[in-house]
Amino acid sequence: MKLLAIDCAAALCAACVYDAAAERELGRQVLDLGKGHAEHLMAVIDAALKAAETRYAGLGAIAVSVGPGSFTGLRVGVSTARGLALALKIPAIGVTTLEALAAEAAASFPGRTVIATLDAGREEIHAAVYDKALALAYGPAVTTLAQATAMAVDTSAVLAGTAAPKIAASAGRAFDIGPTGATADIAVYARLAAAKGAGERPKPLYLRGADAKPQAGFILPRQAS
């Protein structure tokens, strides 16, 4: 099955075509826009399809980053993925930016707990914790820097995402750090979506401090070294 992956969660406007059976990328197009995803996304998709020598009719699924991320970018990406999936009568599969960042970090540090984090402003951090098998152990949720630092210290986790350097500095100790961008490589989204398969229709993941703060005193169980 060939799968089209779309990412508009951050500054990048990215698309790639992925062969799930062969587990390899066939073609991609990535623009660093900052803004203006709506005006460029379809051209980016067309360029990725052309690079992969594939047409829309040859696709078996659409993958899309669902956030957390840019409010406008997520709406553009998710609505486009759902529209294409409806028109082509194929599934649309959502992948969070946090799980993609964690998977990218795990490729460099296999068999480790990973905390994927994004600086959310207002002294808040979007965070999710993934165990050694990359299963979700906590989140996605909004935390404070102090809470995220406590989780990192307690688990000796690999850090990923834009808030990773801030957490390491707050802890005052060295951590293994994976990617520190606001999103992962587009092929990671494609690979994760291919492994997930069809499920619920994707929708943007918006985290709000009032609704998503972890319980007071939350600390993951300490893992044996």
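Select A116 and A160: A160, in β9, is the bridge partner of A116. Helices (H or I, at least four residues) and strands (E, at least two) are DSSP runs, numbered from the N terminus. The model is predicted, so local features need pLDDT of at least 70 and side-chain atom pairs count only at pLDDT 80 or more, while totals for chains, interfaces and linings use all residues. Residues are numbered from 1 along each chain as its sequence is written, and side-chain values use heavy atoms, with hydrogens and water left out.

Widen the selection to β6 (residues 114-121) and β9, which run parallel and are joined by three bridges. Two strands pair if DSSP finds at least two bridges between them.

Next, show the whole sheet. It is open, has four strands in the order β8-β7-β6-β9, and its pairing is mixed. β8 (136-144) and β9 (158-160) are the edge strands; each has a single partner, so one side of each lacks a neighbour in the sheet. On average, neighbouring strands are turned by 20° against each other, direction ignored.

Add helix α3 (residues 97-108), which packs on the sheet and touches β6, β7 (124-130), β8 and β9. Contact means heavy atoms within 4.5 Å. The direction of α3 makes about 135° with that of β6. Axes are lines fitted to C-alpha atoms, for helices over the stretch in contact, and angles run from 0 to 180 degrees between N-to-C directions. Then add helix α5 (residues 164-171), which lies across β6, β7 and β9 and runs at about 135° to β9.

Keep α3 and bring in helix α6 (residues 186-196). The two pack at an angle of about 105°, with their axes 9 Å apart. They are therefore roughly perpendicular (65 to 115 degrees). To see the interface, select T97, E99, A100, A103 and E104 in α3, which meet V188, Y189, R191, L192 and K196 in α6.

Move to helix α1 (residues 37-51). Its 15 residues reach 20 Å from first C-alpha to last, close to the 21 Å expected at 1.5 Å a residue; the expected span is 1.5 Å times one less than the number of residues. Colour H37, L41, V44, I45, A48 and L49, which are buried (under 20% relative accessible area, 1.4 Å probe, protein chains only). Seen down the axis of α1, the buried residues fall within an arc of 130°, so they line one face; the arc is that of the directions from the helix axis to the C-beta atoms. They pack against β1 (2-7), β2 (12-19), β3 (24-32), β4 (59-65) and α2 (71-88). Turn to the opposite face for E39, A43 and K50, which are exposed (over 50%).

Finish at E53, just after α1, which takes a positive phi of about 55°.

Methods: Parallel < 35°, antiparallel > 145°, perpendicular 65-115°, else oblique.
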